[in-house]
Amino acid sequence: VTTPGVQGPRRYDAIVVGSGISGGWAAKELCERGLSTLLLEAGGPIDAADFVEHVQPYEMHFRGWGDRAMLERDYPVQRECYACDEVGHKFFVKDSENPYTSPADAPFRWFRGRQVGGRSIMWGRQVYRWSDLDFEANAKDGHGNDWPIRYADIAPWYTHVERFIGVTGAPEGLAQLPDGSFLPPMAMTVVEEHAREKILAAFGGERVMTIGRAAILTRNHNGRLACHYCGPCERGCVTHSYFNSIGSTLPAARKTGKLTLRPHSVVAEVLYDPKRARARGVRVVDAQTMDVMEFEGRLVFLCASAIETTRLLLNSRSARFPEGLGNSSGTLGRYVMDHHYGSGASGRMPGFTDKRTFGRRPNGIYVARFRNVKTAHPDFLRGYGMQGGSGRAGWGRGSSMPGYGAAFKQALIDDLGDWNLSASGWGETLPHEDNRVTLDGAVKDKWGIPAARIEVRWRENERAMDKDMMTGVAEMLDAAGCTDVHTHASTNPPGHCIHEMGGARMSRTPKDGVLNRWNQAWDVRNLLVTDGACMASSACQNPSITYMALTARAVAHAVNEMKTGAL
Amino acid sequence: MNRRDLLRTVGAATALSLLPRHAHAAWIRVVEGHRPAGGLTPAQLALVATVADMIIPATDTPGATDVGVPAWVNVVVAEYYSDADRTLFLGGLDAIDVQAKNVGGAGFTDLPAVTRESVLLSLDRPDDRQAPAVRGYARLKGLVIHGYFTSERVQKEVLKVEIMPGRFDGAAPMTARGQGAP
């Protein structure tokens, strides 16, 4: 059966909405299990020729500063992301075509990429396993609902994912930050090595500064080349040395012959069959022609990103589900989180001026969570990890350095200035019922689909933790031997960390959440949500690898149920 | 009153930093009214080029104008700056000329080299960091350094930037020259 004007069949074993980190994994795992799979992506196709990581400053009209007027006009929200720059902005949506709203007193930054590969193209690549400290947190302090899974449920899937994508990192043996299946670690700088030892000694081994764990290859792996250290991964990678969908999961899916990728496909609604209590398929608006069409699938995976998936479910209304598909619990759209991040400190490290860095390491240092791990902190629940790095300023210090003339010029050419060391906290956000996504009654996107209204606020616990991030980093820099230590307070609104989570959380019972322990909608068992929307708490670790692991786990279970006839 | 008249009224003896706030604001408005939202005039480009080559002179490596720094500054002024930033920048250039007239009785580019040197020194090591000429110079200095070090010749021939280094070393030794690329 075919739809007029559309290439390919109308029915598939499985439909996946979104081709980013989670959707790419769903497609790969479904195809490798033999299911004919339709992968729908709202944006257009890209390939390695679109990548711009080797564009040099002199090849850019604004030398890397970007076309300010154009970015302010077309990307007023997106431009606040560091990766939305002079050449990288093409991987971000135009805000004018993709509106969303927020209350005036609750600003939210929603950074988005619509293209094949989604935000896996320009993601931050940091990957950290969660532990039972995280999966048990809701149950122990009563905020949010208990996760229906524990570390043991997901651990083998973390390994499965790590072995495929390639993760560089150093094992540390920390219970709160489990080691993974690592490729060789990237080097720390001489200053970071020094700081690590000083900090270990000063805090009795409680604070461990390790090299960042990142989905970047430090040696050739699964047919992809090792990193060549050019620097800006967020602009793409012609050698596919960091993990993204188009270099990794999608080629694997394509190799099976089971994948149908349809770009320019904006999914407007998940179609529900009330007789069978199953998802029937999806309604799609072609982003270019505006044609509307339907596709049918025995399984439907939503991997469109936390807020897009939540918005899609809210937009999928029927007599059975007038408040959004799968929302018999009333929790759909609630308990939305992001990491609050950016408060910390920086300092100058005296000495080491006979050493420099060579190559541009697309990675930094990480300090594993140490608050509320062994002892309770008096001011806040949960905790934060730290991310940072060190370096020497180079010629960039010239604008604030007194002087001019031949000697001044030569100093900028020959010397690199002082070493600096800095870090900031990435903090867990508590799940709150009224941090939520709803539909805006008045605003629609370019394709006529009602826009999301996002209302998320930082609360007392986040604010108290932010303060501790500043002192926590500053006292470590002091211990490391830094001088001129200055703290910085973050003013980032929710969303800015691009770790949005929640909206369709997993739960132990149908009344407490949208999804069961296998990421199936309690109300609609062949409908699965495996992106950030499924998260019942935020932990403090960068979340993408957890989405990947949950996705692979959910596919295995759903396909098994299909084969045994349960689905 | 146009800008030239205002400057004449203000006179060589009155530093702009001493203007009352409302008078300074009025002066900015006058400047704004007489500027097209376009690029630098030939006189402004000459001033930019002169200052740029004093900050980064030609030695055994290229100087600022050798690698097109004035053209880069013009791109920023004409196409990057907001109207407010452009006004501030052009006001800063004018203030540098006012300072030059205070000290040497002529615009900066018309001064003898030794007088230019003393004007630039006073702007680079100022007593008052908020003085319009000082802030104008600081803004220009930042653009000059960015434009110089991101130019193709300097990146390739002076800093010898390796686009694909192929490895990362966190404790590489410093060598004698050409280290400035972090």
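This is a short talk on a predicted model with two chains, A and B, covering confidence, the interface and two local details in chain A.

I'll start with confidence. The model scores ipTM 0.93 and pTM 0.92. Chain A has an average pLDDT of 97, and 99% of its residues score at least 70. The exception I want to flag is residues 1-5 of chain A, where pLDDT stays under 50. For that stretch the model has eight contacts beyond four places in sequence.

Chain B averages a pLDDT of 82, with 76% of its residues at 70 or more. Over residues 1-37 of chain B the pLDDT is below 50, and this stretch has 37 contacts in the model beyond near neighbours in sequence. Where pLDDT is low, predicted coordinates should not be read in detail. I will therefore leave the contacts of such stretches alone.

Now the interface. How much area is buried between chain A and chain B? The figure is about 4900 Å², and carbon and sulfur atoms give 62% of it. On the chain A side, A:Phe358, A:Trp395 and A:Tyr404 together supply 19% of the area that chain A buries against chain B, more than any other three residues. In residue counts, the contact takes 48 residues from chain A and 59 residues from chain B.

What about charge and polarity? Across this interface the rule finds zero salt bridges. It does find 25 residue pairs in polar contact, both residues of each pair being at pLDDT 80 or more. Strand S9, residues 355-358, and helix H9, residues 406-414, both in chain A, each supply at least two residues of the side that touches chain B. H9(A) gives the most to that side, with seven residues. By class, the residues of the side of chain A that touches chain B divide into 22 nonpolar, 15 polar and 11 charged.

S9(A) also takes part in strand pairing across the chains. Which strand of chain B pairs with S9(A), and in what sense? The partner is strand S1 of chain B, residues 169-173, and the pairing is antiparallel over three bridges. One residue to look at is A:Lys355, whose bridge partner in S1(B) is B:Pro173.

Next, salt bridges. Over all chains, the structure holds 53. One of them joins A:Glu72 to A:Arg68, with the closest N and O atoms 3.1 Å apart. These two residues are four apart in helix H2 of chain A, so about one helical turn separates them.

Last, A:Arg109. This residue lies in the loop between helix H2 (68-74) and helix H3 (132-135) of chain A. Its side chain makes a polar contact with the side chain of A:Glu80, at 2.9 Å. Leaving aside neighbours within four places in sequence, the residues in contact with A:Arg109 include A:Val77 and A:Tyr100, and also A:Pro493, A:Pro494, A:Gly495 and A:His496.

That is the set of points I had; questions are welcome.

Definitions and conventions
Residues are numbered from 1 along each chain as its sequence is written. Chains are lettered from A and ligands numbered from 1 in the order in which they are written. Side-chain values use heavy atoms; hydrogens and water are left out. Contact means heavy atoms within 4.5 Å. Buried area is the accessible area (1.4 Å probe) that two parts lose on being put together, summed over both. A salt bridge is a side-chain nitrogen of Lys or Arg within 4 Å of a carboxyl oxygen of Asp or Glu. A polar contact is a pair of N or O atoms within 3.5 Å; within protein, one must be able to donate a hydrogen and the other to accept it, and residues adjacent in sequence count only if both atoms are side-chain atoms. Ala, Val, Leu, Ile, Met, Phe, Trp, Tyr, Cys and Pro count as nonpolar, Asp, Glu, Lys and Arg as charged, and the others, Gly among them, as polar. Two strands pair if DSSP finds at least two bridges between them. pLDDT is the predictor's confidence in each residue, from 0 to 100.
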